[in-house]
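I opened this model to go through its packing and its strand pairing. My entries follow in the order I looked things up.

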Amino acid sequence: MMHATGTAKRLALGLGALVLLLAIASAAAIIGSARIHRGIAETMRREEGVRLSLELASAVRDQYAHQAHTIIIGDASHLGFYADARDTVLRLTRALREAADRPEERSLVDRIESESGRLDRIFRDSIVPAVLRGERQSVQEEHGRAQLVVTHIQDLTQELVSRFEAQIAQARAGADQAERRTLAVLVAILVAAPLVAAAVSLAIGRSIAVPVAQLQAGAARIAEGDLETRIEVRGAPELVSLARRWNEMTAALRDHQEQLVRSEKLAGIGRLAAGVAHEINNPLGVILGYAKLLRKKADGTLAEDLAVVEEEALRAKHIVDGLLDLSRPLPPPSEQVDLRALAEDVVARLREARLLDGVSAEVEGAATAPGHAEKLRQVLVNLVRNAGEAAGPGGRVAVRLREREGVAELTVQDSGPGIPAAARGKMFEPFFTTKPGGTGLGLAVSRAIARAHGGELAVAAAAEGGACFALTLPGAVRRRAAGGAKP
């Protein structure tokens with residue numbers, strides 16, 4: 001017993017020393033690699049700045065060359081080439097501004113951009129009119145001004161290149177120093193490691209204590225509910241296989257648990273839908289009854305308003321019924337839905353209901369798809385209303401439609417603050433909402449409707465800020481192909 005205990009202690013001490021050496025080596029390698037990587041990344045960024053600076057200088061020379069050709073030829077035949085050269089200068093200036101991340105560099109880029117604009121104004125406002133009028137004296141004077149501006153731009157780009165090159169040299173020196181230090185530490189550790197390894201190699205070869213301990217620790221974490229745990233074992237093949245099977249079992253259990261959570265959420269939706277239907281259908285029936293009764297007695301504008309009340313109440317009843325049908329498959333669509341007309345009607349109704357006050361809403365493009373018009377209307381009302389609330393007064397909502405490769409696409413983009421990346425993955429989960437008074441059902445129901453049509457509803461960050469919801473639906477060709485494949 002004492003012998004076994006002493007062996008365990010020696011094994012633990014030997015393994016501890018070896019692990020410590022390996023940890024130091026790994027830390028040294030990681031730290032050194034990180035420093036070298038930063039040096040290389042900094043060098044690459046600065047080299048890109050040098051390249052862009054030299055390209056910009058060349059582009060400015062091309063711009064000036066086309067000015068000179070215009071003066072020599074004496075007509076406007078080179079204005080198109082000049083415009084291309086000017087566009088290249090602007091593009092390179094924008095790219096150079098992104099590469100310049102220090103105040104003094106950005107100041108130089110701003111000065112280059114200002115001088116380039118000045119050169120362009122001299123050419124367009126002074127040289128070209130003078131050339132076309134044949135005023136050679138004026139042309140010569142303005143050409144001299146342009147030469148001075150070009151020379152100034154070249155000097156500024158050369159100064160920028162010099163700054164980039166100095167920073168490249170500094171970054172390379174730092175990377176070389178980090179590489180030397182890392183190499184020295186690793187060499188020292190590699191000399192010491194074999195001595196420690198030789199002392200414990202026989203004990204490690206006969207021992208299975210570490211793999212068994214890893215299995216035990218992993219099992220304890222799993223028992224505590226940490227289903228993300230993965231057990232990594234190195235040793236006997238049987239223990240490695242056991243750990244792999246254990247990981248597979250844990251993954252299956254985690255998937256099963258997630259499915260149970262989703263099922264519970266859907267069940268919660270069903271219970272809520274039943275309660276909503278019970279509580280809302282009765283007052284909706286009363287509203288519909290009174291609207292019909294009053295419409296029979298009214299005429300003119302009042303009758304039209306009551307017709308709208310009746311229609312919207314019916315739509316609300318359809319939405320309540322849709323909640324009950326959330327988990328039931330929709331029957332095959334029997335009509336082609338004009339998505340543009342549907343979107344324009346939704347925007348108009350929301351504006352009449354004063355839900356888009358102060359918001360600029362526009363509909364662009366066109367698309368059609370087989371579907372249930374009222375179900376798709378429900379999705380659009382949800383998306384446009386949410387977009388209007390996010391944009392707020394003075395904001396903008398854009399509904400864009402297009403068809404490509406047999407797929408109808410509809411996007412709703414707003415100019416609001418956008419949705420955090422962490423929240424985008426949960427936007428379609430039942431009961432998840434970012435609104436203080438929201439229920440978290442609108443987007444979940446909308447995605448269910450989209451998928452019932454064989455499509456999808458997704459969210460992403462808009463290119464110009466805000467949020468962008470994309471509804472894709474199978475087009476008519478795809479629907480017919482799918483229907484033809486059925487037995």
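**Entry 1: a helix pair**

I began with the contacts between two helices. In α9, Lys375, Gln378, Val379, Asn382, Leu383 and Asn386 meet Gly442, Leu443, Val445, Ser446 and Ile449 of α11. I then looked up the geometry: the axes of α9 (residues 373-391) and α11 (residues 442-452) come within 9 Å and cross at roughly 140 degrees. I noted α9 as oblique to α11, because angles over 145 count as roughly antiparallel and this one does not reach that class. The crossing of α9 past α11 is left-handed.

**Entry 2: confidence and overall counts**

I noted that this is a predicted model, and checked its confidence before going on. The mean pLDDT of the protein chain is 77, and 80% of the residues score at least 70. Residues 1-8 have pLDDT below 50, and I found 1 contact for this stretch beyond near neighbours in sequence. Residues 477-487 also fall below 50, with 7 contacts beyond near neighbours in sequence.

For the whole protein chain I counted 12 helices and 7 strands. Of its 487 residues, 36% are buried. I also looked up the sequence range of the contacts: among those between residues at least 6 apart, 72% join residues at least 24 apart.

**Entry 3: the sheet**

Which order do the strands of the open sheet take? I read the order as β2-β4-β5-β7-β6, 5 strands with mixed pairing. At the edges are β2 (360-365) and β6 (456-461), each pairing on one side only. From one strand to the next the twist averages 15 degrees. Helix α8 (residues 339-352) packs on this sheet and touches β2, β4, β5 and β7, and its direction makes about 175 degrees with that of β2. I also placed α11, the helix from my opening entry: α11 lies across β6 and β7 and runs at about 130 degrees to β6.

**Entry 4: strand β5**

I took β5 (residues 407-414) next. Is this strand mostly covered or uncovered? It is mostly covered, with 8 of its 8 residues buried. In a regular strand the side chains alternate between the two faces of the sheet, so I listed the faces separately. Val407, Glu409, Thr411 and Gln413 are buried on one side of β5, and Ala408, Leu410, Val412 and Asp414 are buried on the other.

On one flank I found β4 (residues 396-404), which runs antiparallel to β5 and is joined to it by 8 bridges. Arg404 stands opposite Val407 of β5. The hairpin of β4 and β5 has 2 residues between the strands, and Glu405 there takes a positive phi near 50 degrees.

β5 also pairs with β7 (residues 467-474), in the antiparallel sense and over 7 bridges. I looked up individual partners in β7. Ala408 is bridged to Leu473, Glu409 to Thr472, and Thr411 to Ala470.

**Entry 5: strand β7 and its other partner**

Why do I call β7 largely enclosed by the rest of the structure? I do so because 6 of its 8 residues are buried. Besides β5, the strand β7 is joined to β6 by 6 bridges, and β6 and β7 run antiparallel. Leu457 has Leu471 of β7 as its bridge partner. In the hairpin of β6 and β7, 5 residues lie between the strands, and Gly465 takes a positive phi near 95 degrees.

**Entry 6: a second helix pair**

I went back to helix packing with α2 (residues 79-99) and α3 (residues 103-133), which pack at an angle of about 165 degrees with their axes 10 Å apart. I therefore logged α2 as roughly antiparallel to α3. α2 passes α3 in a left-handed crossing. Residues of α2 in this contact include Leu79, Tyr82, Ala83 and Arg86, and those of α3 include Val109, Asp110, Phe123 and Val128.

**Entry 7: one histidine**

My last lookup was His143, in helix α4 (residues 136-206). Is His143 buried or exposed? Its relative accessibility is 16%, so His143 counts as buried, the cut-off being under 20%. Leaving out residues up to four places away in sequence, I found His143 touching Tyr64, Ile71 and Ile127.

Conventions:
Residues are numbered from 1 along each chain as its sequence is written. Side-chain values use heavy atoms; hydrogens and water are left out. Helices (H or I, at least four residues) and strands (E, at least two) are DSSP runs, numbered from the N terminus. Buried means under 20% relative accessible area, exposed over 50%, partly exposed in between (1.4 Å probe, protein chains only). Contact means heavy atoms within 4.5 Å. pLDDT is the predictor's confidence in each residue, from 0 to 100. Two strands pair if DSSP finds at least two bridges between them. Axes are lines fitted to C-alpha atoms, for helices over the stretch in contact, and angles run from 0 to 180 degrees between N-to-C directions. Angles under 35 degrees count as roughly parallel, over 145 as roughly antiparallel, 65 to 115 as roughly perpendicular and the rest as oblique. A crossing is left-handed if the near helix is turned anticlockwise from the far one by less than a right angle, and right-handed if clockwise.
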